[in-house]
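Reader: I have a structure here and a list of terms I do not trust yet. Can we go through them one at a time?

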Amino acid sequence: MGQSRARETMRTTAQIIRAYRGPALFSFGFRPFFLLAGVFAALAIPLWIAVLSGGGPLAGTVTRDWHVHEMLFGYTAAVIAGYMIIAGPNWTGRYPVAGAPVAALAALWLAGRAAMLLAEPGNGAAMTIDAAFLPVFAAALWREQIAARNGKGLVPCLVMTALALANIAFHLRFAWPGAGPVAERLALGMIALLIAVMGGRLVPSFTRNWLAQRKAPREPAPHGRLDRAATWLTAGALLAWLALPDAPATGLLLAVAGIGTGLRLARWRGWETWREPLVWGLHLAYLWLAVGFVLLGAAIGFPQHVPATSAIHALTAGAIGAMTLAMMARTTLSHTGRARTGGAAAAAALLLVHAAALVRVAAPLAADLYADLLMLSALLWSGAFGLFTWVYGPMLMMRRAG
């Protein structure tokens, strides 16, 4: 029995996938999560805006808290889970399983979305169903990390654990109202830090590879002291925002972290990648991270001039929305046996999501047009993820090409 289990864990990803005989959708963990995330993102924001504008039978559940929760702990958690299932073997040397465990995880996530949509806020059963996914997934990551006995996957494990705790704290707001805002800041801070750390490695790496294929004379600056300093500054600023969200010093730290993030980005030569949307899309997403930090710092220091909601949506609709869309598209192509080039569809989807973020960030600055701009942003966002689902959905549901 022990030898059989040992042989199972030694099989490569390709061997596990070739041996799998079930539906292609469950042959690799990223497939159902990326598909569900794309569909959910395309539908959830228009639903939120429709209920916000006209009420209806879902007005009791589709509230501001639902919107925040579902974007952070629903959509974004699904994308992170899908990506970490792919990246995990690089950290642990242990390979993913296919079939029933993947389907069970996807079903658990989907049950959480249904519970949050259909049950009244504060319903204990609904909160329990929703809260189950992230701890289960975090436990699976920790299991693989402990078995691998190295520290390469420690940050993702910690991030998923923090997200799980933040989700539980979010639900506890009915008993302790102060838990809600803390949970939101913890979740958004962890996701932003994940983008800063992992995006700070992946964006220049993908750019370097693309430029090398075209024999460009220069390449992105290597990871160095500026990158490390900016990363630690970002972590410190987000920790300060979690603990002291209104302190002037926190605002200053966030603004400086944003400047540092922008300086990192400027060294990666993104302007040379304008022909490839799946590369320049990542650069623009990382730019939103820098802009979001600066705006959040400015909103703390000058609340009468910079709306906090603009800063938050620069990080959510901008950095998170654009980064996750670009990564899902690139990863889908790469892991379904296709060339990692986006073409017109990817370019259109990315332009739509960036436009949605820009309109959403600008909306609070135009009070007379606020409702119209919210609707426009929702339509642009839905168009971006609807296009992703239409183009990449079939790839996620079909066998690997080639």
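**Terms and the values behind them**

Author: We can begin with empty space. The largest cavity holds about 260 Å³. This is a predicted model, and a search of the whole structure finds four cavities of 30 Å³ or more.

Reader: How do you know that there is space in the largest cavity?

Author: Rolling a probe the size of a water molecule over the atoms shows where empty space is left. A set of points counts as a cavity because a 1.4 Å probe fits there but cannot get out. For the largest cavity the space comes to about 260 Å³.

Reader: Which residues line the largest cavity?

Author: There are 17 of them, and Tyr-83, Leu-194, Ile-195, Met-323 and Met-327 lie nearest the centre. Two or more lining residues come from each of α4 (64-92), α8 and α12 (308-335). Helix α8 gives the most, with seven residues.

Reader: What makes up the lining of the largest cavity, by residue class?

Author: The lining has 14 nonpolar residues, three polar and no charged.

Reader: What is the volume of the second largest cavity, and what lines it?

Author: The second largest cavity has about 140 Å³ of space. It is lined by 18 residues, and Met-116, Glu-120, Pro-121, Gly-122 and Arg-173 are the closest to its centre. At least two lining residues come from each of α4, α5 (100-118), α6 (124-148) and α7 (154-171). Helix α4 has the largest share, three residues. By class, the lining of the second largest cavity divides into nine nonpolar, six polar and three charged.

Reader: Why is α8 called roughly parallel or roughly antiparallel to α9?

Author: Helix α8 (residues 179-213) and helix α9 (residues 225-243) pack at an angle of about 175°, and their axes are 9 Å apart. Angles over 145 degrees count as roughly antiparallel, so α8 is roughly antiparallel to α9.

Reader: Which residues make the contact between α8 and α9?

Author: From α8 they include Val-182, Arg-185, Leu-186 and Leu-188. From α9 they are Thr-231, Thr-234, Ala-235, Leu-238, Trp-241 and Leu-242. The residues of this contact divide into 11 nonpolar, three polar and one charged.

Reader: Is Thr-207 buried or exposed, and how do you know?

Author: Thr-207 is in helix α8. Its relative accessible area is 0%, and buried means under 20%, so Thr-207 is buried. Leaving out residues up to four places away in sequence, Thr-207 touches Pro-220, Trp-268, Arg-269, Thr-273, Val-279 and His-283.

Reader: What makes Thr-128 count as buried or exposed?

Author: Thr-128 lies in helix α6. The cut-off for exposed is over 50% relative accessible area. Thr-128 has 56% relative accessibility, so Thr-128 counts as exposed.

Reader: How far apart are Thr-128 and Ala-115?

Author: Thr-128 and Ala-115 are 13 residues apart in sequence and 9.2 Å apart in space, taken from C-alpha to C-alpha.

Reader: Where is Arg-149, and is Arg-149 buried or exposed?

Author: Arg-149 is in the loop between α6 and α7. Exposed means over 50%, and Arg-149 has a relative accessible area of 78%, so Arg-149 is exposed. Between Arg-149 and His-171 there are 34 Å in space, C-alpha to C-alpha, and the two are 22 residues apart in sequence.

Definitions and conventions:
Residues numbered from 1 in each chain as written. Predicted model: local features only at pLDDT ≥ 70, side-chain atom pairs only at ≥ 80, totals over all residues. Heavy atoms only, no water. Axes fitted to C-alpha atoms, helices over the stretch in contact; angles between N-to-C directions. Helix = DSSP H or I, 4+ residues; strand = E, 2+ residues; numbered from the N terminus. Parallel < 35°, antiparallel > 145°, perpendicular 65-115°, else oblique. Contact = heavy atoms within 4.5 Å. Nonpolar A, V, L, I, M, F, W, Y, C, P; charged D, E, K, R; others polar. 1 Å grid on protein atoms, 1.4 Å probe; cavity = no way out; pocket = protein on both sides within 12 Å on 5 of 7 lines; lining within 4 Å. Points joined across faces, edges and corners; volume = space filled by probe spheres on them. Buried < 20%, exposed > 50% of the residue type's maximum accessible area, 1.4 Å probe, protein only.
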